[in-house]
Amino acid sequence: MKIDRHIVVGNGGVGIRLIQELNKLSNNILLIDGDTVELKNLDRQFFDEGDIGKNKAEALAEKYECKFIPEYYIRGMPDLTVEPTDLLWCCVDNHTGRREILETCDEVGCSCIIGANEYTDAEAYFYEPASKDTENDPRVLYPAINTDMADNPLRPEGCTGAIAQLNPQLGL
C-alpha cells in the first residue's frame, strides 16, 4: 500500500501521541481538529500553557511543521481533497467522526486506522473499503457508529459535554 499523505483527524489524547511518531516517519502530514486547547488538556495531552486557547491542530502544526485544518472533520470539507493514496488516522472520540471517516474511505477508496481509548484499555482497527459490510468493518463490530449522534462535536454539547464527563478517557 503506497501512502502519500497521513491525515490525522482528532488531535487530542490519541492523536497527539500518534503525531509525535508520524512526524519521525513522514513530512507529509495534515492535522484536522476543530477543538481548542484547554487547561484540562495539559495533564495528558502534550500541549504547553502557551497553547491554551489555540486550535489543537494549529498548535501541533506549529510544533511539528505540518499543514492543518482547524475544523471538525466532515465528508466533503471544502478545504480538503482526500486521495486513494492518503491514509486517514481516525483519532476522534465520537461515532459521528468515525462514521464520516469510514464513509470517506468507501467513497474515495483510501484506508484508515481507527484508534480509541477507554478508561483502562485501548484499541486500533485497520479499515479498507474491501472490508465494508464484513465482520472487519467497524460499523458491523460496533453498530452504534451508524446511528449514534449523542457525542457529535458539531452539536452544542459536543464531545466535552456531559457524555465525556461520564466516560473519562486517559492516554495509555
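Here is a short conversation about how some features of this predicted model get their labels.

Reader: What should I keep in mind about the model before we start?
Author: This is a predicted model, where local features need pLDDT of at least 70 and side-chain atom pairs count only at pLDDT 80 or more, while totals for chains, interfaces and linings use all residues. Residues are numbered from 1 along each chain as its sequence is written, and side-chain values use heavy atoms, with hydrogens and water left out.

Reader: Happy with that. Why is the pair Lys63 and Asp51 called a salt bridge?
Author: The term asks for a side-chain nitrogen of Lys or Arg within 4 Å of a carboxyl oxygen of Asp or Glu. Lys63 and Asp51 meet at 2.8 Å, N to O, so the pair qualifies. In general, side chains of opposite charge can pair when their charged atoms come close.

Reader: What makes Lys63 and Asp48 a salt bridge?
Author: Their closest N and O atoms are 3.3 Å apart, so this pair also meets the cut-off. Lys63 lies in helix H2 (residues 56-64) and Asp48 in the loop between strand S2 (29-32) and H2, so the bridge ties together parts that are 15 residues apart in sequence. Helices (H or I, at least four residues) and strands (E, at least two) are DSSP runs, numbered from the N terminus. Asp48, Asp51, Lys54, Glu62 and Lys63 are linked in a network of salt bridges, and a search of the whole structure finds 14 such bridges.

Reader: How do you know whether Asp51 and Asp48 are buried or exposed?
Author: Buried means under 20% relative accessible area, exposed over 50%, and partly exposed in between (1.4 Å probe, protein chains only). Asp51 has 5%, so Asp51 is buried. Asp48 has 44%, so Asp48 counts as partly exposed. Their partner Lys63, at 33%, is partly exposed too.

Reader: Which residues of H2 are buried, and what do they pack against?
Author: Lys56, Ala57, Ala59, Leu60 and Ala61 are buried in H2. The buried residues of this helix pack against helix H1 (15-25), S2 and S3.

Reader: What makes the link between Glu100 and Arg75 a salt bridge?
Author: The N to O distance is 3.4 Å, so the cut-off is met here as well. Glu100 sits in helix H3 (residues 95-108) and Arg75 in the loop between strand S3 (67-69) and strand S4 (86-90), 25 residues apart. Glu100 is buried at 14%, whereas Arg75 is partly exposed at 31%.

Reader: Why is Tyr127 called buried?
Author: Tyr127 has 0% relative accessibility, so Tyr127 counts as buried. Tyr127 is found in strand S6 (residues 122-127), and its contacts (heavy atoms within 4.5 Å) include Leu102, Cys105 and Pro138.

Reader: What makes the Tyr127 and Asp106 pair a polar contact?
Author: A polar contact is a pair of N or O atoms within 3.5 Å; within protein, one must be able to donate a hydrogen and the other to accept it, and residues adjacent in sequence count only if both atoms are side-chain atoms. The two side chains come to 2.5 Å, so the distance condition is satisfied.

Reader: And Met1, why is that residue called exposed?
Author: Met1 has a relative accessible area of 66%, so Met1 is exposed. Its place is in the segment before strand S1 (5-9).

Definitions and conventions
Lists of a residue's contacts leave out its neighbours within four places in sequence.
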